[in-house]
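I opened this entry to look up one strand residue, its surroundings and a helix beside it in the chain record. The notes below are kept in the order in which I looked things up.

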Amino acid sequence: MDSARAVTRAVTDFAAEYLPDAEHVCVGLSGGPDSLALTAAAVRAGLRVTALVVDHGLQANSADVASTAAATARALGAAAVILPVRVGRDGGLEAAARAARYSALDAARDGSPVLLGHTMDDQAETVLLGLARGSGARSIAGMRTWTPPWGRPLLGVRRTQTAAMCAELGLTPYADPHNRDPRFTRVRVRTDVLPLLDDVLNGGVVEALARTAASLRADNDALDGLAADLGAGAVVDAGLEIAVLAEAPAAVRTRVIRRWLLDVGATEPTTRVITAVDDLVTRWHGQGAVAIGGDDTARREVVRTAGLLTLRTTLRR
């Protein structure tokens, strides 16, 4: 029962640090080994648990899988609710399914925190994907253990341990075929890239990537604090004062720009957009406005005028 003890300890420690007063938690349960082990561990840790089982409806047997997962959760001592969702296509299947899942979990949690079964292996995959996309330090820093209302108690646990816990407890997890489908980039990273890196670098890659993410998160927190202070003095009449931004280090300045873009209604700003807006501050040569998206009914652009970065909105015809 070594793996069951280790996984349960991870949940117990998480709850003691982040949720000392929680009377109830939800667990996002897919029926796979990670979320199944998490559900069992949360019950064994003494938490009152409701398993939220999202049925994406993407496979012919999805209703049966959801029903089985819910029944298993109840047998473990948790309550269970099945949440059918409709998955769109915006951003691709993976992104659309994720958006539908998080929306359903958030709507059903009724004020309780939601524990998610992401493991150290998931963290390593996230770091590699962020690195490959050139997404910057925020993406490479991976997932946080606690971002209310989302908790990830198993980021220090390997996927082999969750599978072993299920075996030790006599649980039969669902083997999602999507997790073996090479059409999905994350699957190729999991099945091809990480094993190759482990082979070439003589092991320890997953742990090393997780340590890298933790180190970057600490750096990001420090820089975000500096950016918050700078941003407080740079915002003027809903714009950003260029003179205040221009002397700041790039890592701080671009964080201020990103936060301001989100505040004025941009969708999650890409590195390209942030860099283009930053160029209006530091590489100004009369260039045009920078489109930032975020509204289907109007064109939203950042322009430089009278020493300020401001938002210009033009209704679409």
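These are my notes on V53, the nonpolar cores and helix α2.

I kept in mind throughout that this is a predicted model.

I began with V53 and found its place in strand β2, which covers residues 49-55. I then asked whether V53 is buried or exposed. V53 has a relative accessible area of 1%, and because buried means under 20%, I noted V53 as buried.

Next I listed what V53 touches, leaving aside its neighbours within four places in sequence, and found contacts with L29, A66, A69, A70, V81, I82 and L83. I also looked up L29 in the same way, and its contacts include L36, T39, A51, V53 and A73. For a distant pair I took V53 and A228, 175 residues apart along the chain, whose C-alpha atoms are separated by 38 Å.

I turned to the largest nonpolar core, which has 32 residues, and noted that L29, L47 and V49 are among those with the most contacts inside it. Elements that each supply at least two residues of this core include α2, β2 and α3. A second, separate core has 23 residues, including A248 and V273.

Last, I checked α2, which has twelve residues and reaches 16 Å from its first C-alpha to its last, close to the 16 Å expected. Nine of these twelve residues are buried, so α2 is largely enclosed by the rest of the structure; L36 and T39, both contacts of L29, are among the buried ones. After α2 comes G46, where I read a positive phi, near 90 degrees.

Conventions. Residues numbered from 1 in each chain as written. Predicted model: local features only at pLDDT ≥ 70, side-chain atom pairs only at ≥ 80, totals over all residues. Heavy atoms only, no water. Helix = DSSP H or I, 4+ residues; strand = E, 2+ residues; numbered from the N terminus. Buried < 20%, exposed > 50% of the residue type's maximum accessible area, 1.4 Å probe, protein only. Contact = heavy atoms within 4.5 Å. Core = buried A, V, L, I, M, F, W, Y, C linked by side-chain atoms within 4.5 Å. Expected span 1.5 Å × (residues − 1).
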